[in-house]
Amino acid sequence: MAEPVSDQPLVVGIGGTIGGISSTERALRIALDAAGREGFRTRMFGGADMARLPLYDPKATTRTPDETEFVDTIRQASAVIIASPGYHGSISGVVKNALDLLEETARDPHRPYLADMPVGLIATAYGWQATGSTIAALRSIVHALRGWPTPFAAAVNTQLTKFDEDGGASDAAVIEQLSLVGKQVARFVPVAIQHG
Ligand SMILES: Cc1cc2nc3c(=O)[nH]c(=O)nc-3n(C[C@H](O)[C@H](O)[C@H](O)COP(=O)(O)O)c2cc1C
């Protein structure tokens, strides 16, 4: 008999861009689906979800329902995958704003920030240069949030690779790389739980 859905570990995707079709979000979906095939529940916070988050105010005394849902979902996660476009050589403000909101978990007794969680990373850019600097920025952020960036990060040059709405891409190697991000995150979770 199949296991109840709630017993499956959760991997949360954070990423994409706002304003319509997003190659970054499509890339993230491919990585999440790969984690799903390893037995994970998946939840995506894409561009439209991140756009509903107000600019993070650390001194605010109340949080919006969207902010609360985002933070509570991360609290339930066993793994995270972050996908950002390279904007002017680094991560986008929209993705950074969502990550800033994780400050709300700073005083969580069980797990502040992304402590001890595997975090997969994806960067898209219209050329190679910004993919590298965006991945480096994401790794620094994950270290600051006490997470464990998984070894392979996927760099996607959207000048060369086009995604379709059915989870496909014009370059099979890119699908393999994005799937590897999902697989590495999934494989690390039992290790993190065992030693957590
Ligand atoms: C504000 C802005 C800044 C960008 N800066 C860069 C950049 O520095 N280097 C680069 O290669 N592409 C840059 N791009 C292109 C995006 O990174 C690229 O098109 C990305 O794949 C967009 O993802 P999306 O399809 O999910 O919107 C920029 C795009 C925007 C809108």
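Let me start with Y87, which is partly exposed at a relative accessible area of 44%, where partly exposed means between the under 20% of buried and the over 50% of exposed residues, with a 1.4 Å probe and protein chains only. What we are looking at is a predicted model, in which local features need pLDDT of at least 70 and side-chain atom pairs count only at pLDDT 80 or more, while totals for chains, interfaces and linings use all residues. Residues are numbered from 1 along each chain as its sequence is written, and side-chain values use heavy atoms, with hydrogens and water left out.

Y87 sits in the loop between strand 3 and helix 4, these elements being DSSP runs numbered from the N terminus, with helices (H or I) of at least four residues and strands (E) of at least two. Not counting residues up to four places away in sequence, Y87 touches T17 and S92, a contact being heavy atoms within 4.5 Å. A130 is 43 residues from Y87 in sequence, yet their C-alpha atoms are 7.6 Å apart.

Now to the ligand. Which residues are closest to it? They are T17, S22, S23, T24 and G86, out of 15 that surround the ligand, a residue being counted if one of its heavy atoms lies within 4 Å. Among the polar contacts (pairs of N or O atoms within 3.5 Å), a side-chain N or O atom of S22 is 2.6 Å from a ligand oxygen, a polar side-chain atom of T158 lies 2.8 Å from an oxygen of the ligand, and a polar backbone atom of H88 is 2.8 Å from a ligand nitrogen. The ligand taken alone exposes 640 Å², of which the protein buries 67%, with areas from the Shrake-Rupley method and a 1.4 Å probe. Helix 1 (23-37) and strand 4 are the elements that give two or more residues to this shell.

Turning to the interior, the largest nonpolar core has 33 residues, and I14, F70, I74, V80, I82, L99 and L114 have the most contacts inside it; such a core is a set of buried Ala, Val, Leu, Ile, Met, Phe, Trp, Tyr and Cys residues joined through side-chain atoms within 4.5 Å. Its largest share, 5 residues, comes from helix 5. A second, separate core of 22 residues includes L28, M44, A83 and L178.

Finally, T161 lies in the loop between strand 6 (154-157) and helix 6 (172-195), and T161 is buried, at a relative accessible area of 4%. Beyond four places in sequence, the contacts of T161 are with V156, A169, S170, D171 and V174.

Note on methods:
A polar contact is a pair of N or O atoms within 3.5 Å; within protein, one must be able to donate a hydrogen and the other to accept it, and residues adjacent in sequence count only if both atoms are side-chain atoms.
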